[in-house]
Amino acid sequence: MNSRNREYAMLGRSSDLIVGTFDSTTLKQSFSAIQLGAYHFGIAVRSDNPLAQLDEIMYSDLAHRKVLMVSTGISEKNDLVRSEMLAAEPSIQPIDTSGRYDINTFNETVEENIAMISLTPWKRIHPNLVTVPLKTSVTVPYGLLSTKFPGKKTADFLHEFTKLVPTETQSHS
């Protein structure tokens with residue numbers, strides 16, 4: 001288990017299921033997921049940052065700026081956005097986080113007045129941050145995650161859940 005994914009480390013230990021994002025990197029770590037939808041990427045900036053006034057951010061808008069992002073190898077989708085971003089605008093200065101985002105990551109974005117790669121559900125995660133949609137076709141699936149081999153009760157619940165709830169993809173393993 002990658003210690004940088006502490007939320008996922010709870011699966012099979014202190015919780016049977018969590019709702020969260022996933023991609024092939026996550027699923028390689030002994031998890032299964034039922035996809036419920038997909039989140040879009042955005043750029044979070046302090047409300048007084050000029051980027052906060054835009055309706056949509058293009059990679060060229062980030063030229064010569066520091067952009068806080070998850071370091072490579074943690075998320076296939078973040079890695080994809082990072083490479084797309086740096087290929088389109090090589091002057092962007094990536095600043096790696098120590099793992100997945102936590103409150104310190106959002107506070108650093110505000111304190112340093114830098115941009116941060118974000119996701120749609122986080123648009124109101126911090127009172128001083130504004131999230132502007134990022135022009136990219138890359139999305140991140142989210143859904144119900146469990147261990148690959150959950151206990152009988154959890155497996156039965158997941159089976160019934162897939163019958164009742166419309167899902168994007170029935171199951172990934």
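## A walk around F106

Start by selecting F106: with a relative accessibility of 5%, F106 counts as buried, since the cut-off for buried is under 20%. Keep in mind as you click around that this is a predicted model.

**Zoom out for a moment.** Colour the chain by secondary structure and you should find five helices and eight strands. Followed along the sequence, they run α-β-α-β-β-α-β-α-β-β-β-α-β. The chain has 173 residues, and 45% of them count as buried. Switch on a surface and you are looking at about 9200 Å² of exposed area, 52% of it supplied by carbon and sulfur atoms. As for contacts in the chain with a separation of 6 or more, 77% are between residues 24 or more positions apart.

**Now the rings.** The aromatic pairs come to five. Show Y101 alongside F106: the ring centres sit 5.9 Å apart with the planes at 80 degrees, so this pair is edge-to-face, given that anything over 60 degrees falls in that class. Both of these residues, Y101 and F106, are buried.

Next, add W122. What kind of aromatic pair do F106 and W122 form? That one is edge-to-face too, at 6.0 Å from centre to centre and 85 degrees between the planes. Trace the backbone on either side: F106 belongs to helix 4 (residues 103-112), while W122 is in the loop between strand 5 (115-119) and strand 6 (129-133), so the pair ties together parts 16 residues apart in sequence.

Is W122 buried or partly exposed? Its relative accessible area is 27%, so W122 is partly exposed. Select Y101, F106 and W122 in one go and you have a single aromatic cluster on screen.

**Stay in the loop.** Move on to H126, which is also found between strand 5 and strand 6. H126 has a relative accessible area of 9%, which makes this histidine buried. Which residues does H126 touch, leaving aside those up to four places away in sequence? Light up I103, F106, N107 and V110. These four can be set against the helix you traced a moment ago, helix 4, which covers residues 103-112.

Finish on the side chains of H126 and N107, which make a polar contact at 2.8 Å. With that in view, put F106 back on display: F106 is touched by H126 and pairs with W122, and both H126 and W122 come from the loop between strand 5 and strand 6.

Note on methods:
Residues numbered from 1 in each chain as written. Predicted model: local features only at pLDDT ≥ 70, side-chain atom pairs only at ≥ 80, totals over all residues. Heavy atoms only, no water. Phe/Tyr/Trp six-rings, centres within 6.5 Å; stacked < 30°, edge-to-face > 60°. Buried < 20%, exposed > 50% of the residue type's maximum accessible area, 1.4 Å probe, protein only. Helix = DSSP H or I, 4+ residues; strand = E, 2+ residues; numbered from the N terminus. Polar contact = N/O pair within 3.5 Å; in protein donor to acceptor, adjacent residues only side chain to side chain. Contact = heavy atoms within 4.5 Å. Areas by Shrake-Rupley, 256 points an atom, 1.4 Å probe, with all protein chains shown as cover.
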